[in-house]
Amino acid sequence: RDDDDINDVASMAGVNLNEESARIMATNSDLVGTQMQPCKDEPFLAAVPLHKRILETAKKLGITDVPAEVVTFISHATQSRLRTVIEKVTVITQHRMESYKDDEWYEQATDVRSQLKFFEQLERLEKQRKDEQEREILLKAAKSRSRQEDPEQARLKQKAKEMQQQELAQMRQRDANLTALAAIGPRKKRKLDAPGLLTIGGEGVGLCGGSQAGLGTGSPRQYPRQKITRVNLRDFIFYMEQERDMSHSLLLYRALLK
């Protein structure tokens, strides 16, 4: 009676159970009779050296026998831990490489690079001013014609003569460079790529259409450039500082010393 009720409900809904069963069997026909087997459990680390290392540590705690299942479990745990570390460090690196210059929700508060350039320019001007003062002192010492000269005056004259010789050598080198450039002639500008070509990673990729004769009418080949995330030591140090188990570890201290 229950089957009849089910058939009646299905027929009232316009569903034929025999047709649906045949359709399901036809759809999954490739899976019918297929024998499924579990994959071989391959450890992440080499079993023999890992087992030896575990035994060395276990003997210190009074354990003499470590089964192979423990070695496999520790190997998988190491793989999972390494995957977690790499994922977190990758996120840290991606956050470090993010640029907010073009983001409308951020505005620049300070520009450290411009400040450093300003201080470098001040140091350069100060050095130039000191060099000019020293040059004037040396030129005055070289022009002096006092008969009784002390050793300090002689040293200044010798230094002034060396400075003049160095300036003459620099002028000659500059003139030689200008003469060589004039003999070579104007440098030719590098030719741009042909129209319809797009350079990606140093390789020309054709963007030809059907109207361009001799370039073919096939679909354009595009070589997507793989984005590389480069992790440095600073990212690992930041990760270790955020981890509770590693924030006070000896490994972090050694990494800070490098």
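This is a short tutorial dialogue on reading pockets and helix packing in a predicted model.

Me: Hi! Where should I start if I want to find empty space in a protein?

Reply: Good place to begin. Rolling a probe the size of a water molecule over the atoms shows where empty space is left. In this predicted model, the largest pocket has a volume of about 400 Å³.

Me: Which residues line the largest pocket?

Reply: Look along the chain in two places. One group is Ser 99, Tyr 100 and Lys 101. The other consists of Tyr 106, Glu 107, Gln 108, Thr 110, Asp 111, Val 112 and Arg 113.

Me: How many of the residues lining the largest pocket are charged, polar or nonpolar?

Reply: Four are charged, three are polar and three are nonpolar.

Me: Thanks! What volume does the second largest pocket have, and which helices supply its lining?

Reply: Its volume is about 290 Å³. Helices H5 (112-143) and H6 (151-184) each supply at least two of its lining residues. The lining includes Gln 128, Asp 131, Glu 132, Arg 135 and Leu 138, and also Lys 159, Glu 162, Met 163 and Gln 170. Sorted by class, this lining has seven charged, three polar and two nonpolar residues.

Me: So H5 and H6 share a pocket lining. How do I describe the way those two helices cross?

Reply: Take the angle between the axes and the distance separating them. For H5 and H6, the axes come within 8 Å and cross at roughly 115°. The two helices are therefore roughly perpendicular to each other. Their crossing is left-handed.

Me: Which residues of H5 and H6 meet?

Reply: From H5 you will find Glu 134, Arg 135, Leu 138, Leu 139, Ala 141 and Ala 142. Their partners in H6 are Gln 153, Leu 156, Lys 157, Lys 159, Ala 160, Met 163, Gln 164 and Glu 167. This contact is made up of seven nonpolar, five charged and two polar residues.

Me: Can I practise on another pair? What is the angle between H4 and H7?

Reply: Of course! Helix H4 (residues 68-97) packs against helix H7 (residues 233-242) at an angle of about 115°, and their axes are 9 Å apart. H4 and H7 are therefore roughly perpendicular, and the crossing is right-handed. On the H4 side, the residues in contact include Val 85, Val 89 and Ile 92; on the H7 side, they include Phe 236, Phe 238 and Tyr 239. By class, the contact has six nonpolar, five charged and one polar.

Me: One more, please. How do H3 and H4 cross?

Reply: The axes of H3 (residues 47-60) and H4 come within 10 Å and cross at roughly 105°. That makes H3 roughly perpendicular to H4. Here Ala 47, Leu 50, His 51 and Ile 54 of H3 meet Val 71, Ile 74 and Ser 75 of H4. Five residues of this contact are nonpolar, two are polar and none is charged.

Technical notes
Residues numbered from 1 in each chain as written. Predicted model: local features only at pLDDT ≥ 70, side-chain atom pairs only at ≥ 80, totals over all residues. Heavy atoms only, no water. 1 Å grid on protein atoms, 1.4 Å probe; cavity = no way out; pocket = protein on both sides within 12 Å on 5 of 7 lines; lining within 4 Å. Points joined across faces, edges and corners; volume = space filled by probe spheres on them. Nonpolar A, V, L, I, M, F, W, Y, C, P; charged D, E, K, R; others polar. Helix = DSSP H or I, 4+ residues; strand = E, 2+ residues; numbered from the N terminus. Axes fitted to C-alpha atoms, helices over the stretch in contact; angles between N-to-C directions. Parallel < 35°, antiparallel > 145°, perpendicular 65-115°, else oblique. Left-handed = near helix turned anticlockwise from the far one by under 90°. Contact = heavy atoms within 4.5 Å.
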